[in-house]
Amino acid sequence: MLHIWPDLVVRPSSTEEIAEIVKIANEYRVPIVPRGGGTGLQAEALARRGGIILDLTRMDKILDISEENLSVTVEAGVTFGKLDKALRNKGLWFPIYPKSSLSATIAGNVAVNGAGPGSALYGCIGEQILGLKVVLPTGEVITTGSMANPNSPRHYLRYAFGPDITGLFIGSLGAFGIITEVDLKIYKRPEEFKHVTYGFEEAKGAMEFLRQLLLNNISVLHACIYEGDILTFFIDLLGEEYGIPKVEWPPYVVSLTIGCRKDIVEHDYELMLGIF
Ligand SMILES: Cc1cc2nc3c(=O)[nH]c(=O)nc-3n(C[C@H](O)[C@H](O)[C@H](O)COP(=O)(O)OP(=O)(O)OC[C@H]3O[C@@H](n4cnc5c(N)ncnc54)[C@H](O)[C@@H]3O)c2cc1C
């Protein structure tokens, strides 16, 4: 039977507390599983060997938003929802967020190298990281990225012109250390978003359409290809509850979001109609 229960749940509030916990766990050979929002789709944050679940949701402070440097530093347990609210107030934006944003934490997403709306243009979250603070399995605390250089005045690059130590923790599922702080790039919030949907008879046509959008530098933030049958399944399941009418879906559906400066969105939308 699948073992999921920990012997202990610990809810630390600082990097220093985590370092102490890790040292004690090492001494007594107790396994630790870091846990953010617990929304991972492969149920990664389970205590399969018992031991400690290290719940990071108390570490939910936004430590710094730099409008000058366009960077933000957050504690591990900040959710995407909380980050977006703080940035929105300043006309700023973090472009990649999972569809589980109200519960998923930033560090949890780094640990899975997540993608989501925004990824068509900005890649996975790993591409937007400027540095991390991590507690290693020994209990030692390290800083990665540009701020690892004591002469660096501000965050500028995750590689910091050295080996990509940051990359070791991106997508690591917590295997190499516990991420306690994340520095991210941020952007000016787009003025306008446009959501559009196109139907295709064949997958090949849908793929070629997306390729042409790329070749024409259309400001696509998010692109998904759905099989019509899947959409029919979900609308049969939930459509009535959410007031979505039944439609005859084409075999393949491309759903797109374009977002940018208002005039560029209008221009790109016209261009997109021409390509379709
Ligand atoms: C409805 C729904 C929609 C989703 N949509 C998307 C989507 O669009 N894109 C996407 O990428 N994912 C998506 N997901 C999957 C999931 O929400 C994301 O991967 C999310 O970022 C995981 O974050 P979490 O805080 O919940 O991490 P958890 O599930 O708590 O943990 C995930 C993994 O990261 C490790 N971990 C957590 N915190 C840390 C830490 N501080 N240091 C080191 N390791 C850590 C855990 O041990 C575990 O291995 C979706 C899930 C749901 C339920």
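Me: Domain bounds here come from an automatic or database domain assignment; into which domains is the chain divided?

Reply: This is a predicted model, where local features need pLDDT of at least 70 and side-chain atom pairs count only at pLDDT 80 or more, while totals for chains, interfaces and linings use all residues. Residues are numbered from 1 along each chain as its sequence is written. In that numbering, the chain is divided into domain 1 (52-188) and domain 2 (192-275).

Me: How many residues of domain 2 are in contact with domain 1?

Reply: Contact means that two C-beta atoms, placed from the backbone, lie within 7 Å. The C-alpha centres of the two domains lie 29 Å apart. On the side of domain 1, 5 residues take part, and the number in domain 2 is 6.

Me: Which strands stand at the edges of the open sheet, and why?

Reply: Strands are DSSP runs of E of at least two residues, and helices runs of H or I of at least four, numbered from the N terminus. Two strands pair if DSSP finds at least two bridges between them, and here 5 strands follow the order β4-β5-β9-β7-β8 with antiparallel pairing. The edge strands each have a single partner, so one side of each lacks a neighbour in the sheet: β4 (62-66) and β8 (141-143).

Me: Is K23 buried or exposed, or in between, and why?

Reply: K23 lies in helix α1 (residues 15-27). A residue is buried with 20 or more other C-beta atoms, placed from the backbone, within 10 Å of its own, exposed with 12 or fewer, and partly exposed in between. K23 has 13 such neighbours, so K23 counts as partly exposed.

Key
Domain bounds come from an automatic or database domain assignment.
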